[in-house]
Amino acid sequence: MPSTQYALSYPHRVIGNRIRELRQSRRMTVRDLASHAGVSTGLVSQVERGLTDPSLETLRRLSAALGLPLFDLFRQDDPDDVAVVRRDRRIVVRSPQGGVEYTRVSAGSARLEVLEGALEPGGASSEACYSHPSEECVVVLSGSLVVEAGESRHELGPGDSCTFDSRVPHRYVNEGGEPARFLVSVTPPSR
């Protein structure tokens, strides 16, 4: 796993195949998907063939271009009425550049997405603030976290929470000296 991209506890060929299937089911060409996602056709082709590890930002762009939540790229099965996600079967996405890691706690394709986040000291959830049409609630489990939303900053400690309209550009930053752990609930799941 290249340290310049992201680490994913999921086979890259599987996600590439999933992206190809989703693209084809929408009758999109590689060029169409690349254009809608704002990436090169070569990158889409390499991702679909499992030849490269796309960045977290690339995955966000591809999922938005396909019109589905990011973690739906990793779903393989239809959801059950009751879904149990075992700790050792969770999907994990890491971005070494920002020091952020997200683990999906909720099952895929639900109307509510719950993620467990970990953010290293000095890290941020994204390079710039990011928006999506959802509502979001973050609860700090340990460490400290700054929520940047619009023009405001909210410093949170263990047990503190913050709820906001995700259409407001936002990101999470760890300005503390220890890793921050937090839960994020998003409804509907971010695209």
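Strand 6 and strand 7 run antiparallel and are joined by 5 bridges. Within this pairing, Leu 145 stands opposite Leu 156 of strand 7. The model in view is a predicted one, and this pair of strands is a convenient place to enter it.

Strand 6, residues 145-149, also pairs with strand 9, again in the antiparallel sense, over 4 bridges. Here the bridge partner of Val 147 is Tyr 172 in strand 9. Put together, these pairings give an open sheet of 3 strands in the order 7-6-9, with antiparallel pairing. Strand 7 (152-156) and strand 9 are the edge strands, each pairing on one side only. From one strand to the next, the twist averages 20 degrees.

What covers or exposes the two faces of strand 9? Strand 9 spans residues 170-173, and both of its faces are covered. His 170 and Tyr 172 are buried on one side, while Arg 171 and Val 173 are buried on the other.

Tyr 172 leads on to the interior of the chain. The largest nonpolar core has 39 residues, and Tyr 172 is one of the four that touch the most other members, along with Ile 19, Leu 73 and Val 138. Helix 4, residues 56-66, gives the most to this core, contributing 5 residues.

The chain as a whole can now be set around these parts. It has 4 helices and 10 strands. Along the sequence, a strand comes before the four helices, and the remaining strands follow them, in the pattern β-α-α-α-α-β-β-β-β-β-β-β-β-β. Of the 191 residues in the chain, 46% are buried. Among contacts between residues at least 6 apart in sequence, 65% join residues at least 24 apart. The chain exposes about 10,000 Å², and carbon and sulfur atoms supply 47% of that area.

Two details of the backbone remain. Most residues other than glycine have a negative phi, and most peptide bonds are trans. Arg 27 has a positive phi of about 55 degrees, although it is not a glycine. Where is Arg 27 found? Arg 27 is in the loop between helix 1 (12-25) and helix 2 (30-37). Its relative accessible area is 75%, so Arg 27 counts as exposed, the cut-off being over 50%.

The other detail is the peptide bond from Thr 187 to Pro 188, which is cis, with omega near -15 degrees. Pro 188 has its place in the segment after strand 10, which covers residues 180-187.

Terms used. Residues numbered from 1 in each chain as written. Predicted model: local features only at pLDDT ≥ 70, side-chain atom pairs only at ≥ 80, totals over all residues. Heavy atoms only, no water. Buried < 20%, exposed > 50% of the residue type's maximum accessible area, 1.4 Å probe, protein only. Contact = heavy atoms within 4.5 Å. Areas by Shrake-Rupley, 256 points an atom, 1.4 Å probe, with all protein chains shown as cover. Core = buried A, V, L, I, M, F, W, Y, C linked by side-chain atoms within 4.5 Å. Pairing = 2+ DSSP bridges. Axes fitted to C-alpha atoms, helices over the stretch in contact; angles between N-to-C directions.
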